[in-house]
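Here are a few short exercises on aromatic rings and their neighbours. Grab your viewer and work through them in order.

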Amino acid sequence: MEGEQSHENHPPSMVAEGDDHHIITKKQGPTFCQFQGFWCRSSLVPNIISFQKHFQALDDDIIVASKPKAGTTWLKALVFTIVNRARFSLSNSPLNLTNPHKLIPYLEITVYGQDHIPDLTSIPSPRLFATHLPFAVLAESSIKQAKSRIVYVTRNPLDIIVSFWHFIRGIECPDWPLVECFEMFCRGEEGFGPFWDHALGYWKESSEKPHKVLFLKYEHLKENPIQQIKRIAEFIGFPFSVEEERAGAIEEIKTFCSFSNMKDLVGNMTGTMGRLHIQPKELFRKGEVGDHINYLSPSAIERFCKIVEEKLSGSGLAYDLPC
Ligand code: A3P
């Protein structure tokens, strides 16, 4: 793995006590703190508390949930397009000019990231929100009681590691060694991690309450987008009619939301997003399955697979991992 030898010379972390959470400081990578059992940027902690306290979920809310780099941007584009297909033709879709993250904002980053409590009552129904929060943290809000639906996407964690590393290098830490990123994921200390807790939380809820959480995999979306788009549409209460199917509506949405089309839309080539002034183009890198093979050594892959296998054991959740 790139930079593997440098790991012993660079201890990856230093732990210090905080008030209600531990701060971990890394030499070159992003800084996360532990809060309510998971890892996140400390700047999000007040937002999460505010969200948990003030958000009033409605029964027809739709929440897109994911771990960063699992395919969130893609799923947001699909959900937005499915829900709004009667309002906007694809050529008039707001997605042509606006990044999916602006159209479906994160509860803990954007919606409750302001210095006042937002009034969300005038947003037309169904309201579309997103979150990277683990299910247990989300469940500390009114979402647990409401009939609102959650569409969750997960992805081969090895591809998430590589995607996350590229993303963080692109937006804030250009010299971050891959080995530090890899070790962080092995410890489960990445943003919104550990990976396995995140996936298992939504997996268990989807198994127990299939009407509440739809559990999707990035690889299945790539393999059979038509089938998965139909599943999403049915789950969120916007099924395709026979006439729509015959007229090729699903195929059109598939093509419109595809990596090759989305990456070149004006809304994804211009402007910046959020506090880190992220350029939307950073959200579109390769969009392929299995790219980890080009970055992680066989021994690193085997080591991570063993960790994941052990953490998921007995849950019924499995990834197509090479071990
Ligand atoms: P790669 O870095 O492997 O290319 P997220 O949206 O959760 O941040 O995930 C980003 C990953 O999804 C990136 O993966 C990105 O290229 C990929 N992606 C973005 N839009 C996509 C699309 N429409 N179809 C498939 N993959 C997409």
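Buried means under 20% relative accessible area, exposed over 50%, and partly exposed in between, with a 1.4 Å probe and protein chains only. This is a predicted model, where local features need pLDDT of at least 70, side-chain atom pairs count only at pLDDT 80 or more, and totals for chains, interfaces and linings use all residues. Numbering runs from 1 along each chain as its sequence is written, and side-chain values use heavy atoms, with hydrogens and water left out.

**Exercise 1.** Work out why the pair of Phe32 and Phe164 is tilted.

*Solution.* Start with the rule: rings of Phe, Tyr and Trp (its six-membered ring) pair if their centres lie within 6.5 Å; planes under 30 degrees apart are stacked, over 60 edge-to-face, the rest tilted. Searching the whole structure gives 18 aromatic pairs. For Phe32 and Phe164 the centres are 6.5 Å apart and the planes sit at 35°, so this pair is tilted.

**Exercise 2.** Decide whether Tyr152 and Phe215 are buried or exposed, and place them in the chain.

*Solution.* First, the geometry: their ring centres are 5.3 Å apart with planes at 35°, so they're tilted. Next, Tyr152 is in strand 7 (residues 149–154) and Phe215 in strand 8 (residues 213–217), 63 residues apart; strands here are DSSP runs (E, at least two residues), numbered from the N terminus. Finally, both Tyr152 and Phe215 are buried.

**Exercise 3.** Find the cluster that includes Tyr152 and Phe215.

*Solution.* Follow the ring pairs: they join Phe135, Tyr152, Tyr202, Trp203 and Phe215 into a cluster.

Technical notes: Helices (H or I, at least four residues) and strands (E, at least two) are DSSP runs, numbered from the N terminus.
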